[in-house]
Amino acid sequence: MKIDARRFHSFMQDYRDNLKRAIPSALMRAGEKARALILNRTSRGIGLNGRFKRYDTKYAKYRSKKGKGSTPNLSFSGDMLGSLSVTKTKTTSVLVHFKNRKEAKKAAYNNKKRPFFGIKPEEKKLVAAAFKDQLERKL
């Protein structure tokens, strides 16, 4: 068996270049998956620690008068969860965040009462799979 070192070096150089181009899109895909998981779970009234605690009676009545359900899903106007975004911060990282300062404050308050912002251990596998699938597609 004969190995042409120049061809092998060229192949490895091309692979490295392709990998450099593929990683940012794979990271964005993983970030988008994390965002989708948070939104989906929250819309079903489930947080990082299981079902959200119920709204207090006064707030539940207020929501009901406004035509909103009494099941906690952290979505009254949709603005807070609608501002959840994914941004590339470097070639090696993305940030899942609230792009609007007002909505970020609202999210921080809600997260204290009903933790929702984060990825559960069982969801990490799904985020990793999204990264892997996108990376493999680009390579």
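Helices (H or I, at least four residues) and strands (E, at least two) are DSSP runs, numbered from the N terminus. The structure is a predicted model, in which local features need pLDDT of at least 70, side-chain atom pairs count only at pLDDT 80 or more, and totals for chains, interfaces and linings use all residues. Residues are numbered from 1 along each chain as its sequence is written, and side-chain values use heavy atoms, with hydrogens and water left out.

**Exercise 1. Describe the overall architecture and dimensions of the chain.**

Solution.

Step 1. The chain contains 5 helices and 4 strands. Read from the N terminus, the order of elements is α-β-β-α-α-β-β-α-α.

Step 2. The radius of gyration is taken over C-alpha atoms, and the globule rule is 2.2 Å times the number of residues to the power 0.38. For 139 residues a compact globule would have a value near 14 Å, whereas the chain has 21 Å. The C-alpha trace spans about 80 × 30 × 25 Å along its principal axes.

Step 3. A residue is buried under 20% relative accessible area, exposed over 50%, and partly exposed in between (1.4 Å probe, protein chains only). Buried residues account for 29% of the 139 residues.

Step 4. Accessible areas come from the Shrake-Rupley method with a 1.4 Å probe; for residues, only the protein chains shown count as cover. The accessible surface of the chain is about 9,800 Å², and 54% of it belongs to carbon and sulfur atoms.

Step 5. Contact means heavy atoms within 4.5 Å. Of the contacts between residues at least 6 apart in sequence, 60% join residues at least 24 apart.

**Exercise 2. Locate L74 and N73, and characterise their surroundings.**

Solution.

Step 1. L74 lies in the loop between α2 and α3. N73 is found in that loop too, with α2 covering 57–65 and α3 covering 79–82.

Step 2. L74 has a positive phi of about 60° although it is not a glycine. With a relative accessibility of 9%, L74 counts as buried.

Step 3. A polar contact is a pair of N or O atoms within 3.5 Å; within protein, one must be able to donate a hydrogen and the other to accept it, and residues adjacent in sequence count only if both atoms are side-chain atoms. The side chain of N73 reaches the backbone nitrogen of S75 at 3.0 Å.

Step 4. Leaving aside residues up to four places away in sequence, N73 touches T42, S43, G45, F52, Y55, R63 and L81.

Step 5. Two of these partners, S43 and L81, are 38 residues apart along the chain, and their C-alpha atoms are separated by 9.4 Å. S43 belongs to helix α1 (residues 5–43) and is partly exposed, with a relative accessible area of 47%. A polar atom of the S43 side chain lies 2.8 Å from the backbone oxygen of N40.

**Exercise 3. Determine which groups surround the charged side chain of R114.**

Solution.

Step 1. R114 is found in the loop between α4 (101–113) and α5 (121–138).

Step 2. Lys and Arg count as positive and Asp and Glu as negative; His and the chain ends are not counted. A salt bridge is a side-chain nitrogen of Lys or Arg within 4 Å of a carboxyl oxygen of Asp or Glu. R114 is buried yet has no salt bridge, the nearest side chain of opposite charge being D56 at 6.7 Å.

Step 3. Polar atoms of the R114 side chain lie 2.9 Å from the backbone oxygen of K53 and 3.1 Å from the backbone oxygen of R54.

Step 4. With residues up to four places away in sequence not counted, R114 touches F52, K53, R54, Y55, P72 and L74.

**Exercise 4. Examine the salt bridges and the exposure of their partners.**

Solution.

Step 1. The count comes to 4 salt bridges, and the steps below treat some of them.

Step 2. E103 pairs with K106, the closest N and O atoms being 2.8 Å apart. These two residues of helix α4 are separated by about one helical turn because they are 3 residues apart. E103 is buried at 5% relative accessible area, whereas K106 is partly exposed at 30%.

Step 3. K120 and E122 meet in a salt bridge (3.7 Å, N to O). K120 is buried, with a relative accessible area of 15%.

Step 4. K132 pairs with E136, with the closest N and O atoms 3.2 Å apart. Both residues lie in helix α5, 4 residues apart, about one turn of the helix. K132 is partly exposed at 47% relative accessibility, and E136 is partly exposed at 48%.
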